[in-house]
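Notebook open, structure loaded. I wanted to look up how the chains touch and how one of the helices sits among its neighbours.

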Amino acid sequence: MLDAAPEGVVAGGWSYAIAAYVITALGLSVYAWSLASRLKKANREENKP
Amino acid sequence: MTQRIPWARISWEHWVAGCGLALLLVGTYVGLFVAPPERHMGDVQRIMYVHVPSAWNGLLCYTGAFVAAIVVLWTSRPKWDAAMVGMIEAGVVLNALLLVQGSIWARATWGVWWDWDVRLTTSLVMLLLFAGVMALRSFVEDAERRTTWTAIATIVSFVDVPLVYFCVRWWRSLHQVQSTPETVDRAMVLPLRMNAVAFLLLAIWFAARRARLELALRRRDEVAVPERRELVHA
């Protein structure tokens with residue numbers, strides 16, 4: 001068991017944080033784009049004479 | 001003559017998405033540049049402001065899909081089938097993001113990208129189960145059977161959802177147990193709540209758009225199937 005709280009701070013945290021945010025933004029954007037294009041295609045096919 | 005105001009034509013879903021996006025931008029700014037770094041984890045802890053909202057809303061989407069699955073088995077209404085599919089797919093996207101964010105956080109704090117820890121493993125199983133439900137659905141051509149099979153598979157897959165939430169309390173895990181506003185600095189609670197609401201609004205938008213897509217595909221299939229039958233008989 002630890003006698004005291006651990007000391008020190010994780011170094012280089014910014015690059016990990018930025019990577020996580022960029023991947024999140026990319027993931028959400030790509031899915032939104034995929035939904036929009038699939039919906040547009042389905043609507044176009046539906047309205048075909 | 002009355003004239004409609006342009007913004008009045010925008011559907012409620014886009015309003016929800018717009019609010020979600022605006023809130024996400026503000027929440028992200030506060031999370032990255034205003035909230036203080038954590039005492040031991042430093043700046044890497046800022047991943048929490050996207051990681052926890054992804055987790056909460058992913059679980060919420062799967063819970064919504066579970067409820068829709070029960071209702072669809074009861075009523076067989078296409079609207080509920082579409083809602084179920086919308087929430088599963090939104091849940092899968094958030095679940096995938098959750099695992100990637102968690103992996104990055106794990107690398108910085110645990111020194112590894114992945115560990116077969118109970119929280120990580122149950123979260124991965126949850127992703128595979130619900131992605132499997134969507135895959136299963138794509139193999140079934142008949143609309144009624146597709147709805148029934150998806151609903152049953154969703155109900156079975158949902159067994160893992162409470163496991164993901166409670167496993168850190170029930171078993172020993174590297175992953176921390178849930179925090180409460182009492183155990184987190186107030187300056188950290190604000191961006192967390194902002195992003196949680198933002199992710200919720202975006203998840204609603206995703207689920208609603210995916211449900212609309214499902215209904216459009218169903219209408220297209222209803223037109224195409226009789227045409228195909230006519231061709232076979234001819």
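**Chain contact and one helix**

I started with the contact between the chains: chain A puts in 22 residues and chain B 29 residues. On the side of chain A that touches chain B, I noted 15 nonpolar, four polar and three charged residues. I kept in mind that this is a predicted model.

Next I looked at α1(A), residues 13–46, against α3(B). Their axes come within 10 Å and cross at roughly 170°. That angle is over 145 degrees, so I wrote the two down as roughly antiparallel. From α1(A) the contact uses G13(A), Y16(A), A19(A), A20(A), I23(A), T24(A), G27(A) and Y31(A). The α3(B) side includes V93(B), L97(B), Q101(B), W105(B) and R107(B). By class I have 12 nonpolar, four polar and one charged for this helix pair.

Then I moved to α5(B), residues 143–157. At 1.5 Å a residue its 15 residues should span 21 Å, and the end C-alpha atoms are 21 Å apart, so the two agree. Which residues of α5(B) are buried? I found T147(B), T150(B), A151(B), A153(B), T154(B) and S157(B). These pack against α2, α3, α4 and α6 of chain B.

I picked α4(B) for a closer look. The axes of α4(B) and α5(B) come within 9 Å and cross at roughly 170°, so this pair is roughly antiparallel. α4(B) brings L129(B), F130(B), V133(B), L136(B) and R137(B) to the contact; among the α5(B) residues there are R146(B), W149(B) and T150(B). The class count here is six nonpolar, three polar and two charged.

Note on methods. Residues are numbered from 1 along each chain as its sequence is written. Chains are lettered from A and ligands numbered from 1 in the order in which they are written. This is a predicted model: local features need pLDDT of at least 70, side-chain atom pairs count only at pLDDT 80 or more; totals for chains, interfaces and linings use all residues. Helices (H or I, at least four residues) and strands (E, at least two) are DSSP runs, numbered from the N terminus. The expected span of a helix is 1.5 Å times one less than its number of residues. A residue is buried if 20 or more other C-beta atoms lie within 10 Å of its own, exposed if 12 or fewer, and partly exposed in between; C-beta atoms are placed from the backbone. Two residues are in contact if their C-beta atoms, placed from the backbone, lie within 7 Å. Axes are lines fitted to C-alpha atoms, for helices over the stretch in contact, and angles run from 0 to 180 degrees between N-to-C directions. Angles under 35 degrees count as roughly parallel, over 145 as roughly antiparallel, 65 to 115 as roughly perpendicular and the rest as oblique. Ala, Val, Leu, Ile, Met, Phe, Trp, Tyr, Cys and Pro count as nonpolar, Asp, Glu, Lys and Arg as charged, and the others, Gly among them, as polar.
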